[in-house]
Amino acid sequence: MTTAVEPPTGPAELLVRDAELLVVDGEREIPGGWLAVSGGRVTGVGAAGSEPEARTTLSAAGRLVTPGLINTHHHIYQNLTRSYAPAVNGSLFDWLTTLYPLWARLDEEAAYVSAYVGMAELLMGGCTTSSDHLYVHPRPHLVDAEIRAARDIGFRFHATRGSMTRSVEDGGLPPRSVTQTEDEVLADSERLIRAHHDPSPGALVRVALAPCSPFSVTKSLMTATAELAERHDVRLHTHLAEDHDEDTYCLETYGCRPVEYFEATGWMSDRSWVAHCIYPTGDELRRLAAAGVGVAHCPSSNMLIGGGTARVKEMRELGLPVGIGCDGSASTDHASLWLETRTALLLGRYRGGPGAMTARDALDIATRGSARCLGRDDELGHLRPGACADLVVWDQHEVALAGAFSDLVEAWLRCGPARAWTTVVGGRVLVDRGEPRLSALADALRVHGGIARRMQRDA
């Protein structure tokens, strides 16, 4: 349900008006629509001619307005090693082992600037809420640095405290330099929850717990993390069923398949959402659906690494929450949620035929589906009164849209490229006329460039 809000007693703080089309949610679209905001919440929507008074008015004339897109899986720090030549043509495991030594150089400054730049890129691609899975911890307080960047920007952020405890010496993939002990992981997980997790409605920062994958942590850590999440009422995230090598590893190490292992460690619940989920059997999918486990669908990353893709249509028919994820900036190499949503549309139709996915299906996955994965579908992923005022006014060049008159939502994904003309988070305009309103962005880019060059040059 949507959080109740009191109608404003005076003028709205912000009025977005004259939209060519306002998409409120998957059931309601308003041609010529308007949307009013006060106190960081949507206070009203309607058709032209019924607009309330407002202190600030934002014109969306000739443009599509949608809920902000939501990113359910990302590794923002990896924008420091984008398109790294020695790794671009490897398998998932080859790619990881090539990049782990570079990521071992990550420190607080690098975590902060990569997050700041990454969040700016997400905002430009129409993303108003993002999770991030930071699982390499060669130094302390890296997640704190990301959260500081999100707060400096005013971005809605779900930090997931990732972890790896099984190094190559213990039969895992990562080097010892990026792993921690189980006690270190659990202690820091609890510290981050106490320091930063905000369970209140409309929160900008929340924390989830996220052991990286079955092949990089111990079974005891998976179990203890699930228990810790239950104690503190936070969500759980991990990679699952991403690669055939993962199947082999779990069978050899644990004597079961990845989804069986996931269930045995206490993760099979609606507290959990997983990334990729490419290779579950039909029965495993039904068990995941019955438990309410969400899936972060990462189409570009799956295609670039060549590892198959999630059976999205089947998952949605079974009732699984399915959202969109950019995945790592060093595998996908971009952080445009618009591009990920378009790719989900194309991949869905390529896999299942022209009736398998529509533009509205893809938008629904990137908004309401993603909000369900994060446990926030009451207030995110739609623009009904009471929702958080997270929205995007989309810009597409008139040349790209020439001839597209009959369906603006289909044209939005088919007639690319599109980018955010205006991005609003909690009622605050963070992208205006296509450019981020972030005063520290130029400095962050300069520092980011220096760190990225050193990290790659010294490899």
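Here's a short tour of this predicted model, one selection at a time.

**Stop 1: the annotated domain.** Select residues 64–398. UniProt lists this stretch as "domain: Amidohydrolase-related", in an unreviewed entry. Colour by secondary structure: the stretch is 43% helix and 17% strand. Now click on its two end C-alpha atoms, which sit 13 Å apart.

**Stop 2: a sheet of four.** Next, show strands 5, 4, 1 and 6, which line up in that order as an open sheet with mixed pairing. Its edges are strand 5 (41–46) and strand 6 (54–59), each of them pairing on one side only. From one strand to the next, the twist averages 20°. Zoom in on strand 1 (residues 12–17), which runs parallel to strand 6 and pairs with it over 5 bridges. Pick Val16 here, and you'll find Leu58 of strand 6 opposite.

**Stop 3: a sheet of seven.** This open sheet also has mixed pairing, and its strand order is 3-2-7-18-19-20-21. Strand 3 (29–31) and strand 21 (435–436) each have a single partner strand, so one side of each has no neighbour in the sheet. Then look at strand 19 (residues 419–425) and strand 20 (residues 428–432), an antiparallel pair joined over 4 bridges. Thr423 faces Val431 of strand 20.

**Stop 4: helix 4.** Finally, select residues 182–196. At 1.5 Å a residue, these 15 residues should span 21 Å, and the end C-alpha atoms are indeed 21 Å apart. Which residues of helix 4 are buried? They are Val185, Leu186, Asp188, Ser189, Leu192, Ile193 and His196. Show what they pack against: helix 3 (142–153), strand 11 (156–163), strand 12 (205–211) and helix 5 (219–232).

Methods:
Residues are numbered from 1 along each chain as its sequence is written. This is a predicted model: local features need pLDDT of at least 70, side-chain atom pairs count only at pLDDT 80 or more; totals for chains, interfaces and linings use all residues. Side-chain values use heavy atoms; hydrogens and water are left out. UniProt positions are given in the numbering used here, feature names are shortened, and annotations may be inferred rather than shown by experiment. Two strands pair if DSSP finds at least two bridges between them. The expected span of a helix is 1.5 Å times one less than its number of residues. Buried means under 20% relative accessible area, exposed over 50%, partly exposed in between (1.4 Å probe, protein chains only). Contact means heavy atoms within 4.5 Å. Axes are lines fitted to C-alpha atoms, for helices over the stretch in contact, and angles run from 0 to 180 degrees between N-to-C directions.
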